[in-house]
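Reader: I would like to learn how to read a structural model, one feature after another. Could you take me through this one?

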Amino acid sequence: MDYEVVIIGGGAAGLSAALMLTRARRSVLVVDGGKPRNEPAAHMHNYLSRDGFSPLELLKHGRAEVEGYGGEIVTAEVRSVSRLADGFAVELDTRTVTGRVVLFATGLVDEVPELLRERWGRDVFGCPYCHGYEVRDQKLVVFGEEKKVALVRQWSADVTLVPSVDDTEVADDRLVAVISGDRRHPADALVYSAPVKPRDEHLLALGAETEETIAGPFVRTDKFGRTSVPGVYAAGNVTDPSAIVIVAAAQGAQAAGMINMDLLSAPREG
Ligand SMILES: Cc1cc2nc3c(=O)[nH]c(=O)nc-3n(C[C@H](O)[C@H](O)[C@H](O)COP(=O)(O)OP(=O)(O)OC[C@H]3O[C@@H](n4cnc5c(N)ncnc54)[C@H](O)[C@@H]3O)c2cc1C
């Protein structure tokens, strides 16, 4: 085997797992496509001691920490993962590597419609905990869910619910209005819960079982990140749609601890 652990995805979950495993002197490869979910946002909130930090800056520091302990990180896409007698073969764009176990930390995709993509993570967002404070007491428009209105009112009394979003108006690079049907609603921000899709195709191909969540079926893990497939682990948004950054990082660390213990009990080759 080339590595003891191959981690697919180098966001908060994957890098946090890599940090713990490299400090435990495991040989680790992180394969990362470099597209963390919160990339469109300039600032990250609710991460204790790093509130307001740039999401990409956080990952830059995380990468340096992992590399400082001898972890390898490559920027590449994983094309397939297949089971071998004593581990897994992970096919990248450029080469194939092998690992005794695999951790998926591949996150999810927010399926934001084209119309809203340009402003996503700026003044169009789904998570009021992440962005609400920055638009407190402003004009907020909520698309869709009535029950989200009560939540969003914690940040502003000026909240309008709309049944559709047909267009937006932007001036000086700021959202100014949302068009819904034949009505124009002045707006400083739009709260839009985009459907989400886990990046789980390789997990499913390996036979990982799913369970129903608030956002549809996601790969099921135990609380230590073990999937239903021996040797295959998952952490962060690929298995938990509600995990914010600090939770995804914690899940990565949790999975790393379990991986280390499982590797101890698995026979080593050679
Ligand atoms: C606009 C926006 C703003 C947000 N703001 C906040 C905030 O302020 N605070 C907060 O706590 N949370 C915030 N979140 C949520 C946050 O993005 C997630 O909690 C976090 O990204 C989950 O981390 P993760 O490691 O599970 O996945 P990600 O950060 O998405 O990382 C997954 C990584 O895996 C890689 N990958 C996927 N598939 C492959 C493959 N096949 N091969 C190789 N690499 C692959 C991706 O390129 C990516 O780099 C926000 C979300 C959005 C959409």
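**Reading the model, from one residue to the whole**

Author: Let us begin with a single residue: Leu 151 counts as partly exposed because it has 15 C-beta neighbours inside 10 Å. The rule is that a residue is buried if 20 or more other C-beta atoms lie within 10 Å of its own, exposed if 12 or fewer, and partly exposed in between, with C-beta atoms placed from the backbone. Leu 151 is found in helix α5, residues 146-152, and its C-alpha atom is separated by 8.2 Å from that of Pro 128, although the two are 23 residues apart along the chain.

Reader: What kind of model is this, and how are its residues numbered?

Author: This is a predicted model, in which local features need pLDDT of at least 70 and side-chain atom pairs count only at pLDDT 80 or more, while totals for chains, interfaces and linings use all residues. Residues are numbered from 1 along each chain as its sequence is written.

Reader: How many helices and strands are there in the protein?

Author: Helices (H or I, at least four residues) and strands (E, at least two) are DSSP runs, numbered from the N terminus. The protein has 7 helices and 18 strands. The C-alpha atoms fill a box of roughly 70 × 35 × 35 Å, taken along the principal axes, and 41% of the 270 residues count as buried.

Reader: What radius of gyration would a compact globule with 270 residues have, and what does the protein have?

Author: The radius of gyration is taken over C-alpha atoms, and the globule rule is 2.2 Å times the number of residues to the power 0.38. For 270 residues a compact globule would have a radius near 18 Å, and the protein has 20 Å, which agrees.

Reader: Which part of the contacts in the protein joins residues at least 24 apart?

Author: Two residues are in contact if their C-beta atoms, placed from the backbone, lie within 7 Å. Among contacts between residues at least 6 apart in sequence, 57% join residues at least 24 apart.

Reader: What span should helix α7 have, and how far apart are its end C-alpha atoms?

Author: The expected span of a helix is 1.5 Å times one less than its number of residues. Helix α7 (residues 245-265) has 21 residues and should therefore span 30 Å, and its end C-alpha atoms are 31 Å apart, which agrees. For α1, with 12 residues, the expected span is 16 Å and the end C-alpha atoms are 17 Å apart, which also agrees.

Reader: How many of the residues of α1 are buried, and what covers them?

Author: In α1, 11 of the 12 residues are buried, so the helix is largely enclosed by the rest of the structure. The cover of these buried residues includes β1, β2 (28-32), α2 (55-68), β6 and α7. In α7 the buried residues include Val 245, Ala 248, Gly 252 and Ile 259, and what covers the buried residues of that helix includes β1 (3-8), α1 (12-23), β6 (96-104) and β18 (232-234).

Reader: At what angle do α1 and α7 pack, and how far apart are their axes?

Author: Two packed helices are described by the angle between their axes and the distance between the axes. Axes are lines fitted to C-alpha atoms, for helices over the stretch in contact, and angles run from 0 to 180 degrees between N-to-C directions. Angles under 35 degrees count as roughly parallel, over 145 as roughly antiparallel, 65 to 115 as roughly perpendicular and the rest as oblique. Here α1 and α7 pack at about 40°, with their axes 7 Å apart. That makes α1 oblique to α7. Residues that make the contact include Ala 13, Ala 17 and Met 20 of α1 and Ala 248, Gly 252 and Ala 256 of α7.

Reader: How do the axes of α1 and α2 cross?

Author: The axes of α1 and α2 come within 9 Å and cross at roughly 20°. That makes α1 roughly parallel to α2. In this pair, Leu 15, Ala 18, Leu 19 and Thr 22 in α1 meet Leu 59, Gly 62, Arg 63, Glu 65 and Val 66 in α2.

Reader: Which phi value does Arg 25 have, and where does the residue lie?

Author: Most residues other than glycine have a negative phi. Arg 25, in the loop between α1 and β2, has a positive phi near 65°, and the residue is exposed, with 11 other C-beta atoms within 10 Å. Asn 46, in the loop between β2 and α2, likewise has a positive phi, of about 70°, although it is not a glycine.
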